[in-house]
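Trainee: Please take one small part of this model and look at it closely with me. Start with the side-chain contacts, then show me what else is worth seeing along the chain.

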Amino acid sequence: MLTIIENARNSGRKYLNEIESKQLLKEAGVPTTDTRLATSRAEAVALAREIGFPVVLKIVSPDIIHKSDIGGVKLGLADRAAVGMAYDEILAAARAKQPGSRIDGVSVQNMAKPGVEVIIGMSKDSQFGPVLMFGVGGVLVELLKDVAFRIVPITQRDAGKMIQEIKSLPLLEGYRGSEPANIRALEDILLKISAFVANTPEIKEMDINPVFARRDDAIAVDARIMLE
């Protein structure tokens with residue numbers, strides 16, 4: 001865990017990329033999608049075959065935060081040809097829409113079964129220290145701003161209350177016949193993130209968005225960590 005953080009600091013980076021962030025989360029016990037870095041078209045195709053189709057490709061760049069907005073995400077790629085084409089299109093879009101951006105490559109990950117999209121985040125308050133956030137995720141997070149907060153560390157009761165407090169709770173309970181989400185799995189992730197943050201003072205901010213909340217489990221699909 002510390003090796004990833006130390007390597008980033010030694011190279012002068014404040015942000016961990018998606019792959020590094022997910023590695024830290026996985027070590028903390030948080031379920032994540034299998035995500036690997038490709039630095040060439042051929043490598044992206046090879047990794048996709050190894051992970052298993054369908055896959056998702058995303059731009060990996062410390063300068064591009066909203067990947068979808070610049071065409072940096074391709075979903076449901078079902079074969080080698082689709083992966084190769086998506087790789088080229090992602091790089092072309094990134095260079096056209098954000099010229100000069102540093103590009104580390106493209107992440108290749110398995111296409112996770114969807115669920116209700118939620119966000120789990122963390123930021124440091126100057127007075128209270130690390131503060132944990134939970135709410136509606138995906139592309140609607142900034143629009144709806146339906147979130148709850150707690151000071152780290154949290155208890156099992158705190159985790160449950162955070163989930164209960166959001167206005168969009170009916171989405172997690174099974175709105176109009178949709179499958180309910182596994183609330184206990186979300187509580188478990190919140191508790192693990194709380195412990196991880198409390199034991200890793202090097203972290204300044206964290207965004208795990210989205211987390212797919214499903215009937216049987218919950219899984220982090222994207223993540224970004226900022227260091228002090």
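Mentor: Happily; one term comes first. A polar contact is a pair of N or O atoms within 3.5 Å, where, within protein, one must be able to donate a hydrogen and the other to accept it, and residues adjacent in sequence count only if both atoms are side-chain atoms. The model is predicted, so local features need pLDDT of at least 70 and side-chain atom pairs count only at pLDDT 80 or more, while totals for chains, interfaces and linings use all residues. Residues are numbered from 1 along each chain as its sequence is written, and side-chain values use heavy atoms, leaving out hydrogens and water.

Our close look is at threonine 35, which lies in strand S2, residues 35-38 (helices, H or I, have at least four residues and strands, E, at least two, as DSSP runs numbered from the N terminus). With a relative accessibility of 12%, threonine 35 counts as buried (buried is under 20% relative accessible area, exposed over 50%, partly exposed in between, with a 1.4 Å probe and protein chains only). Its side chain has two polar partners to look at. A polar atom of that side chain is 3.0 Å from the backbone oxygen of threonine 33, and a contact of 2.9 Å links the side chains of threonine 35 and lysine 22.

Serine 21 belongs to helix H2, residues 18-27. Serine 21 is buried, because its relative accessibility is 0%, and a polar atom of its side chain lies 3.4 Å from the backbone oxygen of leucine 16.

For contrast, take alanine 42 in helix H3: at 58% relative accessibility, alanine 42 is exposed. From alanine 42 to aspartate 146 the C-alpha atoms are 41 Å apart, with a separation of 104 residues in sequence.

Two prolines deserve your attention. The bond from phenylalanine 53 to proline 54 is cis, with omega near 0 degrees, and proline 54 sits in the loop between H3 (41-51) and S3. Valine 152 and proline 153 are also joined by a cis peptide bond, with omega about 0 degrees; here the loop runs between strand S8 (147-151) and helix H6 (156-165).

S8 itself pairs with strand S7, residues 129-136, in an antiparallel arrangement with five bridges (pairing takes at least two DSSP bridges), and glycine 135 stands opposite valine 147. The side chains of a regular strand alternate between the two faces of the sheet. In S8, Ala148 and Arg150 make up the covered face, and Val147, Phe149 and Ile151 the uncovered one.

Further along, arginine 176 has a positive phi, near 50 degrees, though it is not a glycine. Arginine 176 sits in the loop between helix H7 (169-173) and H8, and is exposed, with a relative accessible area of 76%.

Helix H8, residues 183-198, makes a good length check: its 16 residues should span 22 Å at 1.5 Å a residue, and the end C-alpha atoms are 23 Å apart, which agrees (the expected span is 1.5 Å times one less than the number of residues). At the start of H8, a side-chain oxygen of asparagine 182 comes within 3.2 Å of the backbone nitrogen of arginine 184. The buried residues of H8 include Leu186, Ile189, Leu190, Ile193 and Val197. In an α-helix there are 3.6 residues a turn, so residues three or four places apart point the same way.
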